[in-house]
Amino acid sequence: MTTTYVALLRGVNVGGKNKLPMKDLKELFVAAGAENVRTYIQSGNVVFEVDRDASARHADLITKQIQERLGIRTTLVLRTVEQIEEVLAENPFLKSGAAVDELYVAFLAERPSQERVAALDPDRSPPDEFVVHGQDIYMRFPNGAGRTKLTTDYFDSKLRTTSTARNWRTVTKLLEMMEE
């Protein structure tokens, strides 16, 4: 039985660095045995189907192939349909009426310890806000993402994991694609 996943790659096609054509990325997923492979925009979002037991192997194989064939070191974070549905349902900023254009989610490769989460500085970048929920960080950037100090590098260094962020509209679109 296959499961639908979204693969979220970190740091590809951002600011002119790590150029990774989505056609090439799609081909890597197909070659690794994934089915119904679709990409969304140029920032490393891939929706695909694979046996649940094989998902971790696929992630490792894909990141290895990207590095070997294209010379790009990246991290690939996987989420299931159910996990993306939960992300969309649990956003505390959306529940309090924040504008969709201000909302982002950072998807973490591993769940951080409570001690590391507690050590994050809530006043690092006012008026920006964040809430860590399991393996995800909900973020609200009233002045836009380009001005915040709440970057993936900040969270990665403090939480000792790897993250990749997407705006709210992208997360919503990815779920639509996963449910097709």
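**A four-stranded sheet and its aromatic cluster**

In this predicted model, four strands come together as an open sheet, arranged in the order β2-β3-β1-β4 with antiparallel pairing. The edge positions belong to β2 (35-40) and β4 (76-80); each has a single partner strand, so one side of each is left without a neighbour in the sheet. On average, and with direction ignored, neighbouring strands of this sheet are turned by 25° against each other. Strands of a sheet pair through backbone hydrogen bonds, in either a parallel or an antiparallel fashion. Here, β1 (residues 2-9) and β4 pair in the antiparallel sense, with five bridges between them. To find one of these contacts in the viewer, look for Leu9, whose bridge partner in β4 is Leu76.

Helices also lie across the strands. Helix α1 (residues 22-31) lies across β1, β2, β3 (45-51) and β4, and runs at about 155° to β2. Helix α3 (residues 81-90) lies across β1 and β4, running at about 85° to β4.

Aromatic side chains offer another view of the structure. Five aromatic pairs turn up when the whole structure is searched. In one of them, the ring centres of Phe29 and Phe48 are 5.0 Å apart and the planes stand at 55°; an angle between 30 and 60 degrees counts as tilted, so this pair is tilted. The pair links distant parts of the chain, with Phe29 in helix α1 and Phe48 in strand β3, 19 residues apart. Phe29 has a relative accessible area of 1% and is therefore buried, and Phe48, at 1% relative accessibility, counts as buried too. Ring pairs join Tyr5, Phe29 and Phe48 into a cluster.

Technical notes. Residues are numbered from 1 along each chain as its sequence is written. This is a predicted model: local features need pLDDT of at least 70, side-chain atom pairs count only at pLDDT 80 or more; totals for chains, interfaces and linings use all residues. Side-chain values use heavy atoms; hydrogens and water are left out. Two strands pair if DSSP finds at least two bridges between them. Helices (H or I, at least four residues) and strands (E, at least two) are DSSP runs, numbered from the N terminus. Axes are lines fitted to C-alpha atoms, for helices over the stretch in contact, and angles run from 0 to 180 degrees between N-to-C directions. Contact means heavy atoms within 4.5 Å. Rings of Phe, Tyr and Trp (its six-membered ring) pair if their centres lie within 6.5 Å; planes under 30 degrees apart count as stacked, over 60 as edge-to-face and the rest as tilted. Buried means under 20% relative accessible area, exposed over 50%, partly exposed in between (1.4 Å probe, protein chains only).
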